[in-house]
Amino acid sequence: MHDYVKYESSITQRLTAALLAAALILVSGASRAADEGEQAPAFSARSLNGDGSITLSSYRGKVVYLDFWASWCAPCQAALPALEELRKEFPADQFQVIAVNVDTDPEKALRLLAKHKIGYPSAADPDGRLPETFGLKTMPTSYLIDRQGVVRMVHPGFRSSDVEGLRARIKTLVEAKK
């Protein structure tokens, strides 16, 4: 009987250690998310149109609105023209919209963009590597990033009523010169 108690205690200790390890993995995975006040994760991804790559670091010194989207996402589709208008409102040397498309078939995204022309770059991430890095929980999700690369706002979802608030936040960051 004594050996059985030792065996049961050993199993309990192992299970406790395994649960603790799993919890630590989950917590450390969550810390990879791009939260407000943290440095935005650096990335490089192939351009959706196949013309080179897009890197976040190449826009350092500008305010960046990083938008994750997909062709199957209705709010994403509504955001495209709104983001294009916001892009045009601010000086190109101070503000940049960057999109990351997560369609597993980039051709679907290209067909949608043929209907909704945008003047900002869109990266292709069919493997979903970047949403995982940024800790996305919903589509669309966008990140407003300041000139030093710090996330100043995480914006889950999109409604047309969001535009005025976004415009004000962007304006504040653009006007806050280096």
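This dialogue reads selected features of a predicted model.

Student: How many helices and strands does the chain have, and which pattern do they follow along the sequence?

Tutor: The secondary structure comes to five helices and seven strands. Read along the sequence, the pattern is α-β-β-β-α-β-α-β-α-β-β-α.

Student: What share of the residues count as buried, and what share of the contacts join residues 24 or more positions apart?

Tutor: The chain has 178 residues, of which 42% count as buried. Among the contacts with a separation of 6 or more, 71% are between residues 24 or more positions apart.

Student: How should one read the packing of two helices, for instance α2 and α5?

Tutor: One begins with the axes. Helix α2 spans residues 74-89 and helix α5 spans residues 163-175; their axes come within 11 Å and cross at roughly 30 degrees. Angles under 35 degrees count as roughly parallel, and α2 and α5 are therefore roughly parallel to each other.

Student: What is the handedness of the crossing of α2 and α5, left-handed or right-handed?

Tutor: The crossing in which α2 passes α5 is right-handed.

Student: Which residues of α2 and α5 meet?

Tutor: From α2, the residues are A82, L86 and E89; from α5, they are V163, L166, R167 and I170. By class, this contact has five nonpolar residues, two charged residues and no polar ones.

Student: How is a salt bridge recognised, and how many salt bridges does the count come to?

Tutor: The criterion is a side-chain nitrogen of Lys or Arg within 4 Å of a carboxyl oxygen of Asp or Glu. By this rule the count comes to seven salt bridges.

Student: What partner does E89 have in a salt bridge, and where do the two residues lie?

Tutor: The side chains of E89 and R167 meet in a salt bridge, at 2.6 Å from N to O. E89 lies in helix α2 and R167 in helix α5, so the pair ties together parts that are 78 residues apart in sequence. E89 is partly exposed, with 39% relative accessibility. R167 is also partly exposed, its relative accessible area being 21%; the range for this class begins where buried, under 20%, ends.

Student: Which residue of α5 forms a salt bridge with R167?

Tutor: That residue is E164, whose salt bridge with R167 has its closest N and O atoms 2.4 Å apart. Both E164 and R167 lie in helix α5, three residues apart, about one turn of the helix. E164 is exposed, at a relative accessible area of 54%. Salt bridges that share partners join E89, E164 and R167 into one network.

Student: How far apart are the closest N and O atoms of K88 and E85, and where do these residues lie?

Tutor: In the salt bridge of K88 with E85, the closest N and O atoms are 3.9 Å apart. This value falls under the 4 Å cut-off of the rule. K88 and E85 both lie in helix α2, three residues apart, about one turn of the helix. K88 is exposed, with a relative accessible area of 52%, and E85 is partly exposed, with 44%.

Student: How should one read the peptide bond between M139 and P140?

Tutor: The general idea is that most peptide bonds are trans. In this structure, a cis peptide bond joins M139 and P140, with omega about -15 degrees. P140 is found in the loop between α4 (129-134) and β6 (141-145).

Student: Where is F158 found, and is F158 buried or exposed?

Tutor: F158 is found in the loop between β7 (151-156) and α5. F158 is buried, with a relative accessible area of 9%. Not counting residues up to four places away in sequence, F158 touches P75, A78, A79, A82, P140, V163 and L166. The C-alpha atoms of F158 and A79 are separated by 6.5 Å, although these residues are 79 residues apart along the chain.

Student: Which residues is R129 in contact with, leaving aside its neighbours within four places in sequence?

Tutor: They are S44 and A45. R129 is found in helix α4 and is partly exposed, with a relative accessible area of 42%. The C-alpha atoms of R129 and A45 are separated by 9.6 Å, and the two residues lie 84 residues apart along the chain.

Conventions: Residues are numbered from 1 along each chain as its sequence is written. This is a predicted model: local features need pLDDT of at least 70, side-chain atom pairs count only at pLDDT 80 or more; totals for chains, interfaces and linings use all residues. Side-chain values use heavy atoms; hydrogens and water are left out. Axes are lines fitted to C-alpha atoms, for helices over the stretch in contact, and angles run from 0 to 180 degrees between N-to-C directions. Helices (H or I, at least four residues) and strands (E, at least two) are DSSP runs, numbered from the N terminus. Angles under 35 degrees count as roughly parallel, over 145 as roughly antiparallel, 65 to 115 as roughly perpendicular and the rest as oblique. A crossing is left-handed if the near helix is turned anticlockwise from the far one by less than a right angle, and right-handed if clockwise. Contact means heavy atoms within 4.5 Å. Ala, Val, Leu, Ile, Met, Phe, Trp, Tyr, Cys and Pro count as nonpolar, Asp, Glu, Lys and Arg as charged, and the others, Gly among them, as polar. Buried means under 20% relative accessible area, exposed over 50%, partly exposed in between (1.4 Å probe, protein chains only).
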